[in-house]
Amino acid sequence: HSGFKVPVSAVRVRDGKTGVYVVRDRIARFKEIEILYKNNDFLIAKEDNLAENGILLYDEVIVKSNNIEDGNLIR
């Protein structure tokens with residue numbers, strides 16, 4: 001499989017959409033992902049640089065986020 005390797009612990013479901021939170025300009029943003037492969041530790045998310053809300057190569061994924069929401073200030 002080819003794509004981005006993401007820890008399973010980073011995956012969240014929001015409004016019925018599967019994705020991860022990333023840090024963009026010190027603000028948490030929800031990015032939708034398409035899972036190509038998944039095991040107990042990690043998954044492979046499809047790389048789609050053309051998607052408006054897709055995960056990008058240098059996005060900093062928030063792995064442990066219990067109470068985080070879109071738009072929260074990080075750090």
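Let's start with the salt bridges: this structure holds five of them. Please keep in mind as we go that what you see is a predicted model.

Take D59 and R24 to begin with. Their side chains meet in a salt bridge, with 2.6 Å from N to O. This pair ties together distant parts of the chain, since D59 sits in the loop between β6, residues 42-45, and β7, while R24 belongs to strand β3, residues 17-24. Along the sequence the two are 35 residues apart. So is D59 buried or exposed? With a relative accessible area of 13%, D59 falls under the 20% cut-off, so D59 counts as buried. Its partner R24 comes out as partly exposed, at 31% relative accessibility.

Now move over to K46 and E34. Here, too, the side chains form a salt bridge, this time at 3.9 Å from N to O. Again the pair links distant parts of the chain: K46 is in the loop between β6 and β7, and E34 is in the loop between β4, residues 27-32, and β5, residues 35-38. In sequence, 12 residues separate them. How open are these two to the outside? K46 has a relative accessibility of 38%, so K46 is called partly exposed. E34 is partly exposed as well, with a relative accessible area of 44%.

Next, have a look at R14 and D15. Their side chains meet in a salt bridge at 3.9 Å, N to O. D15 is exposed, because its relative accessible area of 70% is over the 50% cut-off. R14, for its part, is partly exposed at 29%. And which residues are linked in a network of salt bridges? They are R14, D15 and D70.

While we are talking about charge, let me give you the wider count. The protein chain carries 12 positive and 12 negative side chains. The centres of those two sets lie 4 Å apart.

Let's step back to the overall fold. How many helices and strands does the chain have? There are zero helices and seven strands, so if you read the elements from the N terminus on, you get β-β-β-β-β-β-β. The radius of gyration is 12 Å, close to the 11 Å that the globule rule gives for 75 residues, so the chain is as compact as a globular protein of that length. Along its principal axes, the C-alpha trace spans about 35 × 30 × 25 Å.

What about inside and outside? Of the 75 residues, 29% count as buried. The chain exposes about 5300 Å², and carbon and sulfur atoms supply 45% of that area. Look also at how the chain meets itself: among contacts between residues at least 6 apart in sequence, 56% join residues at least 24 apart.

I'd like to finish with one residue, G71. You can find G71 in the segment after β7, residues 60-61. Which residues does G71 touch, leaving aside its neighbours within four places in sequence? G71 is in contact with I27, A28 and R29. G71 and I27 are 44 residues apart along the chain, and their C-alpha atoms are separated by 5.6 Å. As for its surroundings, G71 is partly exposed, with a relative accessible area of 40%.

Notes:
Residues are numbered from 1 along each chain as its sequence is written. This is a predicted model: local features need pLDDT of at least 70, side-chain atom pairs count only at pLDDT 80 or more; totals for chains, interfaces and linings use all residues. Side-chain values use heavy atoms; hydrogens and water are left out. Helices (H or I, at least four residues) and strands (E, at least two) are DSSP runs, numbered from the N terminus. The radius of gyration is taken over C-alpha atoms; the globule rule is 2.2 Å times the number of residues to the power 0.38. Buried means under 20% relative accessible area, exposed over 50%, partly exposed in between (1.4 Å probe, protein chains only). Contact means heavy atoms within 4.5 Å. Accessible areas come from the Shrake-Rupley method with a 1.4 Å probe; for residues, only the protein chains shown count as cover. Lys and Arg count as positive and Asp and Glu as negative; His and the chain ends are not counted. The place of a charge is taken as NZ of Lys, CZ of Arg, CG of Asp or CD of Glu. A salt bridge is a side-chain nitrogen of Lys or Arg within 4 Å of a carboxyl oxygen of Asp or Glu.
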